[in-house]
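Q: Please take a close look at one helix of this protein and describe how it sits among its surroundings. I would like the setting of the whole chain first, with the cut-offs stated.

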Amino acid sequence: MGTATHCPYCALQCAMTVTPAAATGVAGPAADPPAIAGRDFPTNRGGLCRKGWTSATLLGHPGRITNPLLRGADGVHRPIGWDEALDLIAAQVRATREDHGPDAVGVFGGGGLTNEKAYQLGKFARLALGTSRIDYNGRFCMSSAAAAGNRAFGLDRGLPFPVEDLDGAHTVLLLGSNVAETMPPFVQHLAGARAAGGLIVVDPRRTTTADFTADGAGLHLQPAPATDLPLLLGLCHIVIHEGLANTDFIHGRTTGFKAVARSVASWWPERVQAVTGVPVHLLRETARLLAHGARHGGSYILTGRGVEQHVDGTDTATATINLALLLGLPGSANSGYGTLTGQGNGQGGREHGQKADQLPGYRKITDPAARAHVAAVWGVDPADIPGPGLPAVELLAELGRSVHTFFIHGANVAVSAPNAGEVLAGLRRLDFLVVCDFFMTETAQEADLVLPVLQWAEEEGTVTNLEGRVLRRRAAVTPPEGARSELWIMAELARRLDAPSTFSADPETVFTELRAASAGGLADYSGIDYALLDVGAALHWPCPAGSTGTPRLFRDAFAHPGGLAVLVPVSPAASNARDTLFTGPTLALVTGRLLEHYQSGAQTRRVPELAGAVPRAELLIHPLAAASRGIDDGGPVTIANGRGTVRCTARVSTAVRPDTLFLPFHFAREECANLLTSDSVDPVSGMPEFKASSVTVTAGTGIPAGAGAAHLVSL
Ligand code: SF4
């Protein structure tokens with residue numbers, strides 16, 4: 001008998017059934033992997049991608065950690081008992097707090113943690129450790145889109161509508177998202193737009209998704225990297241100047257039109273063509289398809305990390321929302337705007353308190369009323385809850401400086417953080433690093449103490465998918481002896497640290513507390529419980545007690561006081577923070593994902609089928625750029641800048657522009673793309689610049705003179 005649950009990887013959260021291996025009846029580390037079958041669900045309709053089909057391989061993986069591992073003076077990790085490990089951590093936390101104060105202890109969470117773990121991690125940091133220093137890797141994924149959504153709508157839920165709403169749309173504009181590789185079952189929801197000739201993909205690379213626009217199915221706009229904002233300002237200009245705007249919607253449901261109209265006045269199409277490289281006729285056709293769709297069958301605008309992971313990511317996401325508002329899409333019956341969340345619980349993980357500035361229910365930690373509400377649920381004085389901490393990049397920069405003891409849950413920052421060489425140096429400066437994981441990731445290898453934790457199919461919990469739909473993850477197999485739930489670890493440490501309030505190891509108990517803590521907040525889960533989810537209810541937040549959830553937001557009003565959406569004027573600003581692109585012999589490096597791998601690759605590089613399909617990083621380079629550098633298809637290349645050096649093989653392809661390179665970020669050591677990316681951040685969201693790094697490329701594995709040789713690090 002199989003267990004109904006959901007995929008461990010991305011935010012589409014495809015439904016699946018996990019059935020233990022027939023040989024033993026109970027799957028686990030000693031058994032064959034359980035069987036995986038797709039299950040009918042609105043997001044995937046029974047489909048799974050290659051990652052989902054092979055996800056059970058890791059449950060019994062021989063590389064699994066099954067004991068706490070303490071690193072000795074010789075650098076070797078050796079097994080110790082749980083009591084010894086937890087006592088050691090508690091003593092270390094006390095010593096750090098005594099020597100340097102509570103903010104010398106830091107915590108880093110992850111968008112893959114269940115809602116229960118993300119919630120309890122925020123509470124653990126603030127009450128048990130007493131620190132304000134907590135943030136998470138969602139800062140690298142969703143922060144710009146979230147900031148823009150909050151600014152425009154007063155609320156951030158990735159898709160404010162169910163994915164099935166896309167099915168009948170005439171036009172879908174997809175900016176910076178390669179869904180055909182990152183979440184293949186999602187592509188079925190684009191069928192209507194493709195049939196109508198209205199699928200428009202904006203990407204500097206001709207991705208698999210962009211290929212879907214061929215043969216009259218739509219358009220592919222291929223702007224130069226880091227020019228998305230001018231492109232969007234140009235589309236807004238055309239919508240206004242060709243009379244395509246929905247004036248009734250603008251007057252009835254928004255504020256700020258005049259300022260936005262002024263801000264885009266100088267972005268006429270020919271100027272945008274000169275800046276972005278996108279021909280005027282494609283700009284005009286895009287605006288007209290969107291306007292036509294809005295009147296006949298529906299238009300949707302969706303963003304992904306390609307346009308958001310920049311130092312101007314919040315403004316670019318804002319310009320996208322302005323375009324959608326000018327066309328009257330958000331909150332409409334058959335149209336909309338949304339952003340495609342990436343990590344499995346990237347939505348829920350940004351709602352319940354593991355962010356530096358946040359309390360559960362998407363509350364602001366600086367709001368006295370929010371602090372009072374959460375303090376009452378926790379049974380503490382509001383003054384006992386620390387104030388805002390540091391966003392992820394700033395927090396990582398403090399490692400070994402003002403932060404001396406650090407906890408990492410569900411993140412592999414040595415590979416996934418920008419400017420990874422500097423992050424690695426920070427990890428090595430720490431007095432004490434605790435990493436909770438199920439494999440010896442590149443980050444765990446740096447830890448003083450590694451705590452083995454449970455995987456997705458070994459424990460109960462909830463996650464919230466890209467539509468804000470809360471789902472039940474269920475325990476389907478027996479975990480290996482020795483691994484423990486992170487909830488249990490937090491509860492045991494809280495007890496040892498004499499923390500106020502209560503910390504439970506039971507997911508349902510924690511979820512019940514989360515519901516109370518979120519009640520009345522923007523992300524209100526108080527009407528959701530395990531029993532409702534177990535009978536298959538599809539509950540989208542906000543879901544106050546007695547409600548059946550809110551699949552579609554903004555139908556009657558936006559979440560700002562007064563109910564109006566806000567059009568916010570934005571413009572490209574000369575940013576000292578961004579690498580100078582397209583100068584001299586340098587090229588623009590874009591990083592991203594492949595079908596076969598997920599995030600830092602810590603999991604998928606261990607799945608033989610996936611690692612066998614794509615074992616190494618390949619640099620995508622245009623034939624002209626390759627020829628001028630003597631680079632052969634399949635030959636070795638060295639990519640470098642002042643931050644680091646990467647060595648891998650080249651794949652020569654016209655899928656990228658001659659001035660642009662593409663490198664996947666799933667690989668480690670000398671193939672780690674983030675050795676090259678900048679830790680400059682968006683001033684509003686704290687999002688790093690992942691998608692536009694200036695690099696040099698040379699044939700072979702030598703290091704180009706003066707281009708970063710001193711920064712080569714071994715991960
Ligand atoms: Fe899993 Fe995402 Fe693939 Fe679905 S699309 S099977 S959720 S990785």
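A: For 715 residues, a compact globule would have a radius of gyration near 27 Å, and the protein, at 24 Å, agrees with this; the radius is taken over C-alpha atoms, and the globule rule is 2.2 Å times the number of residues to the power 0.38. This is a predicted model, in which local features need pLDDT of at least 70 and side-chain atom pairs count only at pLDDT 80 or more, while totals for chains, interfaces and linings use all residues. Residues are numbered from 1 along each chain as its sequence is written, and side-chain values use heavy atoms, with hydrogens and water left out.

The protein has 23 helices and 30 strands, which are DSSP runs (H or I, at least four residues, for helices; E, at least two, for strands) numbered from the N terminus. One of the helices is α15, residues 368-378, where Ala 370, Arg 371, Val 374, Ala 375 and Trp 378 are buried, that is, under 20% relative accessible area with a 1.4 Å probe and protein chains only, whereas exposed means over 50%. These buried residues lie on the same side of α15 because they cover an arc of only 125 degrees around the axis, an arc formed by the directions from the helix axis to the C-beta atoms. Their cover includes α3 (115-129), β14 (358-359), β15 (363-364) and α20 (507-518). On the face turned away from the buried side, α15 carries the exposed residues Pro 368, Ala 369 and Ala 376.

As for the two ends, a side-chain oxygen of Asp 367 comes within 3.0 Å of the backbone nitrogen of Ala 369 at the start of α15, and Gly 379, just after α15, takes a positive phi of about 75 degrees.

Key. Contact = heavy atoms within 4.5 Å. Polar contact = N/O pair within 3.5 Å; in protein donor to acceptor, adjacent residues only side chain to side chain.
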